[in-house]
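Colleague: I should like to learn how to read a model of this kind, feature by feature. Could we begin with the cross-link and then turn to the fold?

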Amino acid sequence: QVQLVESGGGLVQAGGSLRLSCAASGRTFSSYAMGWFRQAAGKEREFVAGISWSGDSPYYADSVKGRFTISRDNAKNTLYLQMNSLKPEDTALYYCAKDVRTVSSWSYDYWGQGTQVTVSS
């Protein structure tokens with residue numbers, strides 16, 4: 001059983017920055033790839049960024065590439081998402097999720113409850 005708890009969301013002006021964290025319980029965090037997703041009101045959930053178990057080769061949705069950075073600290077069982085140059089269209093509920101494999105398989109078996117990010121214009 002894995003529990004994921006996101007934090008760090010809030011209200012920020014356009015052009016600002018936020019850093020999201022995802023704290024994972026259990027000993028298996030370091031063995032699996034992880035991802036960040038978001039869901040805006042009235043829209044489907046979409047992929048934001050992913051990272052392998054080792055932290056190598058992060059990958060991003062085109063909409064956030066160059067502005068967001070995903071990272072992880074396996075010693076702290078924590079996943080991060082640094083978000084810079086935020087835009088109003090980044091407003092959404094942000095979730096972290098655990099992949100079923102060490103590298104991305106696009107199959108996630110555990111999800112957090114989400115943290116709200118609101119970007120004002």
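Modeller: A disulfide is a pair of cysteine sulfur atoms within 2.5 Å. Please bear in mind that this is a predicted model. A search of the whole structure finds one disulfide, and the bond joins Cys22 to Cys96, with an S to S distance of 2.0 Å.

Colleague: What is the handedness of the disulfide between Cys22 and Cys96?

Modeller: The torsion about the S-S bond is about 60°, so the disulfide of Cys22 and Cys96 is right-handed. The pair links distant parts of the chain: Cys22 belongs to strand β3, residues 18–24, and Cys96 to strand β9, residues 92–99, with their positions 74 residues apart.

Colleague: Are Cys22 and Cys96 buried or exposed?

Modeller: Buried means under 20% relative accessible area. Cys22 has a relative accessibility of 0%, so Cys22 counts as buried. Cys96, also at 0%, counts as buried too.

Colleague: Which secondary structure elements does the chain contain?

Modeller: The chain has eleven strands and zero helices. Its radius of gyration is 13 Å, close to the 14 Å that the globule rule gives for 121 residues, so the chain is as compact as a globular protein of that length. Along the principal axes, the C-alpha trace spans about 40 × 25 × 25 Å.

Colleague: How should one read the contacts and the surface?

Modeller: For contacts, one asks how far apart the partners lie in sequence. Among contacts with a separation of 6 or more, 56% come from residues 24 or more positions apart. As for the surface, 41% of the 121 residues count as buried. The chain exposes about 6300 Å², of which carbon and sulfur atoms supply 46%.

Colleague: How many positive and negative side chains are there, and how far apart do the centres of the two sets lie?

Modeller: There are 12 positive and 10 negative side chains, and the two centres lie 4 Å apart.

Colleague: Let us finish with a loop residue. Where is Asn77 found?

Modeller: Asn77 sits in the loop between β7 (68–73) and β8 (78–83). With the cut-off at under 20%, Asn77 is buried, because its relative accessible area is 19%.

Colleague: Which residues is Asn77 in contact with, leaving aside its neighbours within four places in sequence?

Modeller: Asn77 is in contact with Cys22, Ala23, Ala24, Ser25, Gly26 and Phe29. Cys22 thus appears again, as it is one of the disulfide partners. By contrast, Asn77 and Ser63 are 14 residues apart in sequence and 27 Å apart in space, C-alpha to C-alpha.

Conventions
Residues numbered from 1 in each chain as written. Predicted model: local features only at pLDDT ≥ 70, side-chain atom pairs only at ≥ 80, totals over all residues. Heavy atoms only, no water. Helix = DSSP H or I, 4+ residues; strand = E, 2+ residues; numbered from the N terminus. Rg over C-alpha atoms; globule rule 2.2 N^0.38 Å. Buried < 20%, exposed > 50% of the residue type's maximum accessible area, 1.4 Å probe, protein only. Contact = heavy atoms within 4.5 Å. Areas by Shrake-Rupley, 256 points an atom, 1.4 Å probe, with all protein chains shown as cover. Lys, Arg positive; Asp, Glu negative; His and termini not counted. Charge placed at Lys NZ, Arg CZ, Asp CG, Glu CD.
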